[in-house]
Amino acid sequence: MKSVGIVMKLAVIMTVFNRKDKTISCLSSLSQQKNMPDYEVFMCDDGSTDGTSEEVLQRFENVKTVYGNGHLFWTKGMAKAMEAAVTADGYDYYLMINDDVEFLDSMWQTMFTPFINHSQIGVTGCTKSRSSGELTYGGAKFYHSNGKRYVGEKIVPDNKEYKECDVANWNCFLISKDVVSVVGLIDSVYEHSFGDFDYTLRMREAGIPVYVSNEYVGYCENNTVENTYKDCCLTRKDRMKKFLSPNGLPLKSWGTFSFRYYGSHAIRNFIGPYVKFALSLITGKEGI
């Protein structure tokens, strides 16, 4: 139970749905970490029909499972798993992960190093494509320029310092119990996207810094556009339906994020993507 000489309790939080092989691969890579403390996984299975939970429970003894109804999607699933972990109490750190990440065995050391001298911080782990080697997920700045606000390019790890960011993906994200005591849980008002960005912006508003890892922590491919609202092979009707679905750009989630963080430009920011998508349907292009 020791990591860098510190005794601690760690809760790993994830949500899964019908990606059994990826889930098993992710948890297997997690179990091979160097100097990682003893941990328990709190996994929300949102109605998988491919035997994910059964296979996980057969292979891994340290997994506690909560179940969804098949309609939670990512943010609500993470909220349910996180609530279970925080309610269980007794954990010093919370590691949020996505099951499509295959971790390098140095992940824990990379993620935990900044916590040796600080408690109220967050660290997001950068992932890269196995095929191209390029950055896929991590953290970015939320810029304020000329009265506009926008998310900048993701910060590439430079192997030297942990750079600060404002918004971070939760493909791999570590916080302490001190952060949770201030910020609370991920907000389940969001359906699929934006919950992770919202949480890190809430941290920043509370004066809690968020850092990007100085090295890559694992492999994770960018999501494909196939069978999404960006897929030009689909009919306009199907693309529109997917665009407004929970894992597209639903009005409630995008509206909540826009009006929380875009100030006087909230209305324009909220409307913009829907106008661009409508134009993409007319032109037959990929979309936003």
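**Reading a predicted fold**

Analyst: Let's open with serine 25, which is partly exposed at a relative accessible area of 32%. Please keep in mind that this model is predicted.

User: Where is serine 25 found?

Analyst: Serine 25 is part of helix H1. Its C-alpha atom is separated by 9.1 Å from that of phenylalanine 103, 78 residues away along the chain.

User: Which residues of H1 are buried?

Analyst: The cut-off helps here: buried means under 20% relative accessible area. In H1, the buried residues are Thr23, Ile24, Cys26, Leu27, Ser29 and Leu30. Their cover includes S3, S4, helix H2 (52–59), S6, strand S7 (102–103) and H4.

User: Let me step back to the whole chain. How many helices and strands are there?

Analyst: The chain has nine helices and 15 strands. Its radius of gyration is 19 Å, close to the 19 Å from the globule rule for 288 residues, so the chain is as compact as a globular protein of that length. Along the principal axes, the C-alpha atoms fill a box of roughly 60 × 45 × 40 Å.

User: How do I read contacts along the sequence? What share comes from residues 24 or more positions apart?

Analyst: Look at sequence separation. Among contacts in the chain with a separation of 6 or more, 73% are between residues 24 or more positions apart. As for burial, 49% of the 288 residues are buried.

User: Which residues touch the most other members of the largest nonpolar core?

Analyst: That core holds 33 residues, and Leu10, Val12, Leu30, Val41, Leu95 and Leu174 touch the most other members. Two or more core residues come from each of strand S3 (10–16), helix H1 (20–30), strand S4 (39–45), strand S6 (93–97), helix H4 (107–112) and strand S14 (172–176). There is also a second, separate core of 32 residues, with Ala79, Met82, Tyr91 and Ile208 among them.

User: What does leucine 10 touch?

Analyst: Setting aside residues up to four places away in sequence, leucine 10 touches several residues, including Tyr39, Leu95, Trp108 and Leu174.

User: Now backbone angles. What is the sign of phi at asparagine 35?

Analyst: The general idea first: most residues other than glycine have a negative phi. Asparagine 35 has a positive phi of about 60°, although it is not a glycine. This residue lies in the loop between H1 and S4 and counts as partly exposed at 45% relative accessibility.

User: And phenylalanine 194: is it buried or exposed?

Analyst: Phenylalanine 194 is buried, at a relative accessible area of 14%. It too is not a glycine, and its phi is positive, about 80°. You will find phenylalanine 194 in the loop between helix H5 (177–183) and helix H6 (195–205).

User: Can we try a charged residue? Which residues is aspartate 231 in contact with?

Analyst: Apart from neighbours within four places in sequence, aspartate 231 contacts Val225, Glu226 and Arg239. Aspartate 231 sits in the loop between strand S15 (210–219) and helix H7 (236–243), and at 11% relative accessibility it counts as buried. For charges overall, the chain has 32 positive and 34 negative side chains, with the centres of the two sets 7 Å apart.

User: One last residue: where is the place of threonine 256?

Analyst: Threonine 256 belongs to helix H8 (residues 251–261). It is buried at 18% relative accessible area. Leaving aside neighbours within four places in sequence, threonine 256 is in contact with Val189 and Tyr190.

Methods:
Residues numbered from 1 in each chain as written. Predicted model: local features only at pLDDT ≥ 70, side-chain atom pairs only at ≥ 80, totals over all residues. Heavy atoms only, no water. Helix = DSSP H or I, 4+ residues; strand = E, 2+ residues; numbered from the N terminus. Rg over C-alpha atoms; globule rule 2.2 N^0.38 Å. Buried < 20%, exposed > 50% of the residue type's maximum accessible area, 1.4 Å probe, protein only. Contact = heavy atoms within 4.5 Å. Lys, Arg positive; Asp, Glu negative; His and termini not counted. Charge placed at Lys NZ, Arg CZ, Asp CG, Glu CD. Core = buried A, V, L, I, M, F, W, Y, C linked by side-chain atoms within 4.5 Å.
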